[in-house]
Amino acid sequence: MANKILVYLEQRNGIIKKSSLEAVKVGKDFSEKLGCEVEALVIGSEVSDLGKVGGYGINKIIHLKNSDLELYSPTAYTKLVVQHVQENSADVLLFANTALGKDLAPRVAANLDCGIAMDCVALDIEGDITATRPVYAGKALIDVKLNSEIKIFTLRPNVFNAGEPTGDSASVEVKEVSNPDLSTKVVEIKKSEGKLDVAEADIIVSGGRGLKGTENFKMIEELAEVLGAAVGASRAVVDAGWRPHGEQVGQTGKTVTPTLYVAVGISGAIQHLAGMRSSKYIVAINKDKDAPIFSIADYGIAGDAFEVVPKLIEEIKKLKAE
Amino acid sequence: MKIAVCVSHVPDTAAKISVGSDGKSIDPSGVTYVLNPYDEFAIEEALKIKDAQGGEVVAISVGTDANKETLRKALAMGADSAVLLKEDKDRDSIGIAKALAEEIKAQDAKLVFFGKQSVDFDNSITGQVTAELLDYNCVTVVVDLQINGEKVTAEREIEGGREIVETSLPLVITAQKGLNEPRYASLKGIMQAKKKTIEEKTPSPYENMIELVAMKRPPAKQPGKILGEDSSAVPELVRLLREEAKVI
């Protein structure tokens, strides 16, 4: 049913992303169940610790290398992946559903004229491969099958568990790339002040209109800091200009699946709930005990955020100091 | 220059979604359909370029007669013409891209805008695939765009920052919230849009490669407990997070 699985490894600053390691683990499990080969492909300049990927279950890595490919180039990366797939007869391709994966994987599908399922949260390989993915920002789920010889799946970060690495090491084959097609090319990355991004964070602390003003987000930032969390926001506060759009959680913002989601002063509009309801644990702090957010929260405090949050920061600090 | 804007017709984000009796689609009763919110940024950007540099903006949509409402909205905002690529079956994203690419080629548009994704199926496939089929450059999730002659600089949103991308025309851009402030349709615009004809065409037939086998509700989340009504509940919250959830 499958001949060869190819996992795309995404590097940023020469380091393989965690979401790609999750894809590696899925690729390895598939190869065992289907009894087929699996390999990983990375495109970049210098990439560190590639051998360690072996610890997550893939022992063959191909590194397509060129100093101009350190940053993403949609044109060059697409051509290189397509060429690799064709030359190596890979027929199941796995990408992480990141900013890069979302951009790259559909382009590869277009060139290979094959089906693609984006943002998968479960993959089942009894018989055909069935992918489950959220639609309507998580208000519903669909199961899809791909009716093409080559099949591409992008996996939602933080959903598939990469597991603990074994001590195994992968062999890395480096292939120098000459004259990549740089017609579209990233020339620079502007970081947003070294903050964690909600799409990738394991813990998110979000604030809503209940905070009453942009200045009161200091408290949210402080709570996020003691928890090692990213700061999120409801659409209302983004539209009010209190917070940047990159922090917006929900439909027309980001759909997130962290381990812990703390909603402060958020009543829980349907668009917001859709975007965060699959978080593993949800904490809600809101004055109004009838707010919809409490209907999906694991733990709630129906109290004043301005009184509860400082106490919470204090208690967590105490705990961390122990 | 001719500029194409590809738009989709989707349930309003405030809509409650329930699964229809066929188990494969949503129950449309009580659901209001609107222009995809991200497409508003796409239309605005096309109109801004037209206002500054001249040109002509054509709005294109693939779907049933219902999509005409969304095309009228694009016309009311200021698009010059609109084309409906009629398809009564549910096409997958690749099939939609194929229909759009055909039409964009026929229109000879060298600059094409999409929303970064449709808020129904949340795929973010169509823009990139259309660009590849046309062999156009493409930048997705764009929050800033500068076009100087053939040379283009775009900023796209990524995890924890922005990528500055250099490219050139012909080009497909998928728009992210923040790219601009979409204009409201003026009364005059709305009146004019009513008078314009929406051209209808039939795209080449296509067999879906992405087959939807079932639609289901997300697993129900059990409401948890309200631990208290003030900060005296905080120690218990911290204990639960540590001992039960094991997250801190």
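**Exercise 1.** In this predicted model, how do helix H3 of chain A and helix H4 of chain B pack: at what angle, and how far apart are their axes?

*Solution.* Start by finding the two helices: H3(A) covers residues 99-112, and H4(B) covers residues 126-134. Next, take the angle between them, which is about 45°, and the spacing of the axes, which is 8 Å. Now put a word to that angle. Under 35 degrees would count as roughly parallel, and 65 to 115 as roughly perpendicular. H3(A) and H4(B) are therefore oblique to each other. Last step, the handedness: H3(A) and H4(B) cross in a right-handed way.

**Exercise 2.** Which residues make the contact of H3(A) with H4(B), and how do they divide by type?

*Solution.* Go one helix at a time. H3(A) brings in Asp103(A), Pro106(A), Arg107(A), Ala109(A), Ala110(A) and Asn111(A). From H4(B) come Gln128(B), Val129(B), Glu132(B) and Leu133(B). Sort them and you get five nonpolar, two polar and three charged residues.

**Exercise 3.** Zoom out to the whole contact between the chains. How many residues does each chain give, and which element supplies the largest share on chain A's side?

*Solution.* Chain A gives 79 residues and chain B gives 69 residues. On the chain A side, H3(A) has the largest share, with eight residues. By type, that side splits into 39 nonpolar, 20 polar and 20 charged.

**Exercise 4.** Do strand E13 of chain A and strand E9 of chain B run parallel or antiparallel, and how many bridges join them?

*Solution.* Locate E13(A) at residues 185-191 and E9(B) at residues 161-168. The two run antiparallel, joined by six bridges. For a pair to look at, try Lys185(A), which sits opposite Glu166(B) of E9(B).

Notes. Residues numbered from 1 in each chain as written. Chains lettered and ligands numbered in written order. Predicted model: local features only at pLDDT ≥ 70, side-chain atom pairs only at ≥ 80, totals over all residues. Axes fitted to C-alpha atoms, helices over the stretch in contact; angles between N-to-C directions. Helix = DSSP H or I, 4+ residues; strand = E, 2+ residues; numbered from the N terminus. Parallel < 35°, antiparallel > 145°, perpendicular 65-115°, else oblique. Left-handed = near helix turned anticlockwise from the far one by under 90°. Contact = placed C-beta atoms within 7 Å. Nonpolar A, V, L, I, M, F, W, Y, C, P; charged D, E, K, R; others polar. Pairing = 2+ DSSP bridges.
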